[in-house]
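Student: I'd like to learn how to read the contacts in a structure like this one. Can we go through it feature by feature?

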Amino acid sequence: MQSIHQDFSVEFSYDVHFTTGLFQPKNKLLTDAVADPEEPMPKKMVAVLDKGLLAHHEDLPDQIETYAKAHDDTLTLAASPIVVPGGEAAKNDPDLVNHIHQVIYETRLDRHAYVLAVGGGAVLDLAGYAAGTAHRGIRLIRVPTTVLSQNDSGVGVKNGINAFDTKNFLGTFEPPDAVLNDLSFLRTLDDRDWRAGISEAIKVGLLKDADFFNYLCDHASALAPPTRDLEAMTHVVYRCAELHLDHIATSGDPFEKGSSRPLDFGHWAAHKLEELTDYTLRHGEAVAIGIALDCAYSHLTGHLSSEALDRILDLTAALGFDLYVPEMDAHLDTPDHPDCLFQGLDSFREHLGGELTIMLLNAIGEGIEVHSVDRDRYRDAVALLRRQHAERVEQDLSETAS
Ligand SMILES: NC(=O)c1ccc[n+]([C@@H]2O[C@H](COP(=O)([O-])OP(=O)(O)OC[C@H]3O[C@@H](n4cnc5c(N)ncnc54)[C@H](O)[C@@H]3O)[C@@H](O)[C@H]2O)c1
Ligand SMILES: [Zn+2]
């Protein structure tokens, strides 16, 4: 019998909005995101909230309930908001997925109803995964509340949780229905989380937009704690989100079927370092180290000029990133040791399948993919970062002493 060839395509579209005061009743972004004259109203919704966010915004559950009451012709909360731990703990506990599924089940949310996920990238990943797997996918509105989630993780098409000690082992590709970035949430971030998300902006600047990288250099002291200029950060979040969205739309591989994942520049080491440090390093902090490492390696293998490398390392230093942790070289000479940084290369390849594909840098604004690496040069790159770190510590000590 002749084979039947199946061929169809599905179009996705969603808006990423930027606002402040998202849950003030007069702000219509959320109601506009769910209102549809073609569908029965009001829409059922369950909110999943980040506990770490609530520590700074205690009245958020009440605000959301008041908002829903003010717009009860458009949306109705089917249950009290579900509060989950913030940070990586959200992705490490399968009971949390189960709990969200249970609420979705008990409140009879259907595929036209919404999960409203409010929080950092970890909580968005958890809530998105739960939404994406209930009824094979119910609708999702993300409200990212950290720099990293507003400029990167929350605007894209992926969700995931950790399992079997492996980051993002379980996950879905599930574009959101809308992303509502409320920039005023960023004010309450601690300095580490404020800074961490800037590393994803450095990443896309280095790969895709030298002018944006220059902007980051020019505004480094305004962006860095303690100044934390919200206007400069607003530009950083907006442009970084725009570059990520543009990549997803135009790369030809939004659901990462191929072996190449350019936006994961610096991430093979970052994911391994997050794991090796028991997630005491924030994702963005690990990414800053991963970027520095891959840039140092790019230089040592003749791709990137020393001037460009210096600019990159100066920018990360000016922002206050620390580019060395002892876990980086603890087992570097025994690549088969499970705690060796190089195991990150294998996990990276396994996660994608296919050929190892690592993005390096030819110049600021220009990446280059390679399919094999020279581990000795990577050891040299680690040594370079270790030396720089030691020099900085010494300098800080002598400044404190004088
Ligand atoms: N799905 C993707 O495409 C994708 C991409 C990149 C990263 N990620 C994931 O995102 C996660 C990291 O996200 P993150 O950097 O947003 O950190 P996070 O989610 O770990 O949050 C950091 C901390 O900030 C708290 N918090 C959140 N909003 C706050 C606010 N406005 N004020 C004060 N505290 C607040 C949280 O409770 C948490 O303690 C990682 O798990 C990473 O793997 C996912
Ligand atoms: Zn990242």
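Student: Let's take helix α17 (residues 375-401): how many residues apart are D380 and R377?

Tutor: This is a predicted model, so take the geometry in that spirit. D380 and R377 are three residues apart in helix α17, about one turn of the helix. Their side chains meet in a salt bridge, at 2.9 Å from N to O.

Student: Are D380 and R377 buried, exposed or partly exposed?

Tutor: The band to keep in mind runs from 20% to 50% relative accessible area, which is what partly exposed means. D380 is at 32%, so it counts as partly exposed. R377, with 31%, is partly exposed as well.

Student: How many salt bridges does the count come to?

Tutor: The rule asks for a side-chain nitrogen of Lys or Arg within 4 Å of a carboxyl oxygen of Asp or Glu. By that rule there are 20 salt bridges. Some salt bridges form a network: E39, K43 and R139 are linked in this way.

Student: Which parts of the chain does the pair D191 and R228 link?

Tutor: Start with the contact: the two side chains, D191 and R228, meet in a salt bridge at 2.8 Å, N to O. Then place each partner. D191 sits in helix α8 (residues 191-196), while R228 is in the loop between α11 (220-223) and α12 (230-250), so by the helix assignment these are distant parts of the chain, 37 residues apart. As for accessibility, D191 is partly exposed at 37%, whereas R228 is buried at 16%.

Student: And where are R192 and E285?

Tutor: R192 is in helix α8 and E285 in helix α14 (residues 283-300), with their positions 93 residues apart in the numbering, and the pair links distant parts of the chain. The salt bridge here is 2.6 Å, N to O. R192 is partly exposed, with a relative accessible area of 34%; E285 is buried, with 11%.

Student: Now the metal. Which residues coordinate the zinc ion (ligand 2)?

Tutor: For a metal, look up the donor atoms and then their spacing in sequence. The zinc ion (ligand 2) is coordinated by E200 through OE and by H267 and H283 through NE2, at 2.0 to 2.2 Å. Bear in mind that water is not among the atoms, so a site may look incomplete. The donor residues are spaced E-x66-H-x15-H in sequence. E200 lies in helix α9 (residues 198-208) and H267 in helix α13 (residues 267-276), so this pair ties together parts that are 67 residues apart in sequence.

Student: Are E200 and H267 buried or exposed?

Tutor: Both E200 and H267 are buried.

Student: What surrounds ligand 1?

Tutor: Read a ligand shell in steps: who is there, which contacts are polar, and what is covered. The shell has 25 residues, and the closest are D50, G121, T146, K167 and T188. They divide into five nonpolar, twelve polar and eight charged. For polar contacts, a polar side-chain atom of K167 lies 2.7 Å from an oxygen atom of ligand 1, and a side-chain N or O atom of T145 is 2.8 Å from a nitrogen atom of the ligand. A122 takes part through its backbone, with an N or O atom 2.9 Å from a ligand oxygen. Taken alone, ligand 1 exposes 880 Å², and the protein buries 89% of that.

Student: Which elements give two or more residues to that shell?

Tutor: They are α2 (51-54), α6 (121-133) and α7 (147-151). The largest share, three residues, comes from α6.

Technical notes
Residues are numbered from 1 along each chain as its sequence is written. Chains are lettered from A and ligands numbered from 1 in the order in which they are written. This is a predicted model: local features need pLDDT of at least 70, side-chain atom pairs count only at pLDDT 80 or more; totals for chains, interfaces and linings use all residues. Side-chain values use heavy atoms; hydrogens and water are left out. Donors are N, O and S atoms within 2.8 Å of the metal (3.2 Å for Na, K and Ca); water is not among the atoms, so sites may look incomplete. Helices (H or I, at least four residues) and strands (E, at least two) are DSSP runs, numbered from the N terminus. Buried means under 20% relative accessible area, exposed over 50%, partly exposed in between (1.4 Å probe, protein chains only). A residue is near a molecule or strand if one of its heavy atoms lies within 4 Å of it. A polar contact is a pair of N or O atoms within 3.5 Å; within protein, one must be able to donate a hydrogen and the other to accept it, and residues adjacent in sequence count only if both atoms are side-chain atoms. Accessible areas come from the Shrake-Rupley method with a 1.4 Å probe; for residues, only the protein chains shown count as cover. Ala, Val, Leu, Ile, Met, Phe, Trp, Tyr, Cys and Pro count as nonpolar, Asp, Glu, Lys and Arg as charged, and the others, Gly among them, as polar.
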